[in-house]
Amino acid sequence: MAREPHIPAKSQQPAGLSGREAVAAAFALGAEAVVVLLAFSADVPLAWTIGFHLATVLAVGLILFQDRDLGADLTVAALMFLVIAVAGPAGAFASLAALAFVDHAGAGPEVLQAWYDRLAHARHADASTELTDRVVAGRVLRTQAQAPESFEDVIAHGTLVERQAALGLMARRFHTDFAPALQAALRSEEPVVRVQAAAVVARVRGDLKARIKALTSVRDRRASAHRIADAAELMRLAGCTLVDRADADKCRKAATETLQVALVTSHEVRTAAGDANRETAPVIERFLVTAGRHADFRVSRRIHNLVVDSRYRLRRVNGSMAA
C-alpha cells in the first residue's frame, strides 16, 4: 500500500500577524530611540528631529503595507502604524510589547462559535413549563377561562359598557355574521346604544359598498382558488341584510359569472374541490347543482368530505387525485 507523503504542519501563527509587524516594531523602536537622542541634543535643530521621526514613520509604513496580499488582515498593522505615528518612541515600545498578546486575549473563534451553538440550542424549561408561560402571556387560550360570548348575547344582556365595546369591535373589523347583532343594537332600549349602532351601520355600509365595487371590478386573471374565494365572499355579501337589494343582485351575478369561468371542466371542479374550505365548498356545490352538473357535484361532494370535514389532504398523482 502506497504511503501518503508527509506534509509538515504549518507553524501556528496568529491570524493578524505576517512577520512584518515584528520587523516594523523592532525597526521603529531603534529609530525612535535615535529620535529621542536627537531631541535631547542641543546641537541638532528641532526640524531635523521631526524629519527623522517622519522618515521613520514612512519606513514603518513601507515595511507593513508594501506588496501585501489583497486578502491579508491589516488590522494589527494599521494600529501599529497609527500608534507609532502619533506616539513616537512610546508607540514603538507599546507596539513591540503588544505583539505578544495578539490573538491571545480571548478564547478564540472556535470556542466562541461553540458557545453560540450551545446558546442557540439551549432549553431552560420543559414542554409543560413553556406551555404554561405561553398561557400566562396570553398566546394560548386558557381552557378554564370563560367561553367567549356572541355579539348578539352581549347586545341583548350585556352592560352598557360591554355593548359599546362590542359595537366598537364590529365597526373596527366587520363580518357579515355580525349583521344580526348590529340590527339588534339598532332596536336596543338604550338610546346611546341605538345612536352608536346607527353610526356603525353607516360606516359598515360604506365599507361594504367599497368592497363590493372592488370585487366586481376585478378581471379574473388570477388562480382559480382566488377567484372561487372571491365568489364565496360575493355570495356572503349578497346574503347580508346590510347590503341593499341592487348590490346584492350585483354580487350574485358577479359570483355566478366567476364560477362559470373557474369551473368549466370536470378537472377544474376536482382541482377547486381539493383546494376548498368551509366557505368555498358550499358555494361550489350550490353552483354545480343549480347548473345541473350532478356528476361533478357528486365528485366535489366526495372530495369535500375528505378535505373539509376530515383532516385529509389531496395530492395529484399523474393528473388524478389521491388522498
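**Entry 1: the main core**

I started with the largest nonpolar core, which has 45 residues. Leu167, Leu182, Leu242 and Leu263 have the most contacts inside it. I then asked which helices feed this core. At least two residues each come from α7 (151-157), α8 (160-172), α9 (179-186), α10 (191-216), α11 (224-238), α12 (245-262), α13 (266-274) and α14. The top contributor is α10, with 8 residues. I also found another core lying apart from this one, with 12 residues. Ala24, Ala25, Leu64 and Val76 are among them. I noted the general background: in soluble globular proteins, nonpolar side chains tend to be buried together.

**Entry 2: the model as a whole**

I am working from a predicted model. Its average pLDDT is 81, and 83% of the residues score at least 70. Where does pLDDT stay under 50? I found this over residues 1-12. For that stretch the model has 0 contacts beyond four places in sequence. I read nothing further into it.

I counted 15 helices and 2 strands in the protein. How many of the residues count as buried? The share is 29% of 323 residues. I also looked at contacts between residues at least 6 apart in sequence. Of these, 60% join residues at least 24 apart.

**Entry 3: leucine 182 and helix α9**

I went back to leucine 182, one of the residues with the most contacts inside the main core. Beyond its neighbours within four places in sequence, leucine 182 is in contact with Leu167, Met170, Phe174, Ala197, Val200, Val201 and Leu242. Leu167 and Leu242 are also on the list of residues with the most contacts in that core.

Which residues of α9 are buried? I listed Ala179, Ala181, Leu182 and Ala185. Looking down the axis of α9, I see these buried residues within an arc of 160°, so they line one face of the helix. They pack against α7, α8 and α10.

**Entry 4: helix α4**

I repeated the check on α4, residues 89-98. Here the buried residues are Gly91, Ala92 and Ser95. Their arc around the axis is only 100°, which puts them on the same side of α4. The general rule I kept in mind is that an α-helix has 3.6 residues a turn, so residues three or four places apart point the same way.

What covers the buried residues of α4? The cover includes α1 (20-40) and α3 (75-87). I then turned to the face away from the buried side. Ala90 and Phe93 are the exposed residues carried there.

**Entry 5: the aromatic cluster**

How many aromatic pairs does the structure hold? I found 3. In one of them, phenylalanine 151 and phenylalanine 178 have ring centres 4.9 Å apart. Their planes stand at 80°, so I logged the pair as edge-to-face. This pair links distant parts of the chain, with partners 27 residues apart. Phenylalanine 151 is in helix α7, while phenylalanine 178 is in the loop between α8 and α9.

Next I checked burial, for which the cut-off is under 20% relative accessible area. Phenylalanine 151 has 19%, so I call it buried. Phenylalanine 178 has 22%, so I call it partly exposed.

Phenylalanine 178 also pairs with phenylalanine 174. Those ring centres are 6.1 Å apart and the planes are at 85°, so this pair is edge-to-face too. I recorded Phe151, Phe174 and Phe178 as one aromatic cluster. Phe174 is also one of the contacts of leucine 182.

**Entry 6: arginine 293**

Where is arginine 293? I placed it in the loop between α14 (280-290) and α15 (294-307). Its side chain reaches two backbone oxygens. The oxygen of leucine 263 is at 2.5 Å. That of valine 264 is at 3.3 Å. I left aside neighbours within four places in sequence and listed the contacts of arginine 293. They are Leu263, Val264, Thr265, Ser266, Val269, Phe287 and Leu288. Leu263 was already in my notes, as one of the residues with the most contacts in the main core.

**Entry 7: alanine 198**

I closed with alanine 198, in helix α10. Its relative accessible area is 40%, so I call alanine 198 partly exposed. I also checked its distance to leucine 186, 12 residues apart along the chain. The two C-alpha atoms are separated by 6.5 Å.

Methods. Residues numbered from 1 in each chain as written. Heavy atoms only, no water. pLDDT = per-residue confidence, 0-100. Contact = heavy atoms within 4.5 Å. Helix = DSSP H or I, 4+ residues; strand = E, 2+ residues; numbered from the N terminus. Polar contact = N/O pair within 3.5 Å; in protein donor to acceptor, adjacent residues only side chain to side chain. Buried < 20%, exposed > 50% of the residue type's maximum accessible area, 1.4 Å probe, protein only. Arc of directions from axis to C-beta. Core = buried A, V, L, I, M, F, W, Y, C linked by side-chain atoms within 4.5 Å. Phe/Tyr/Trp six-rings, centres within 6.5 Å; stacked < 30°, edge-to-face > 60°.
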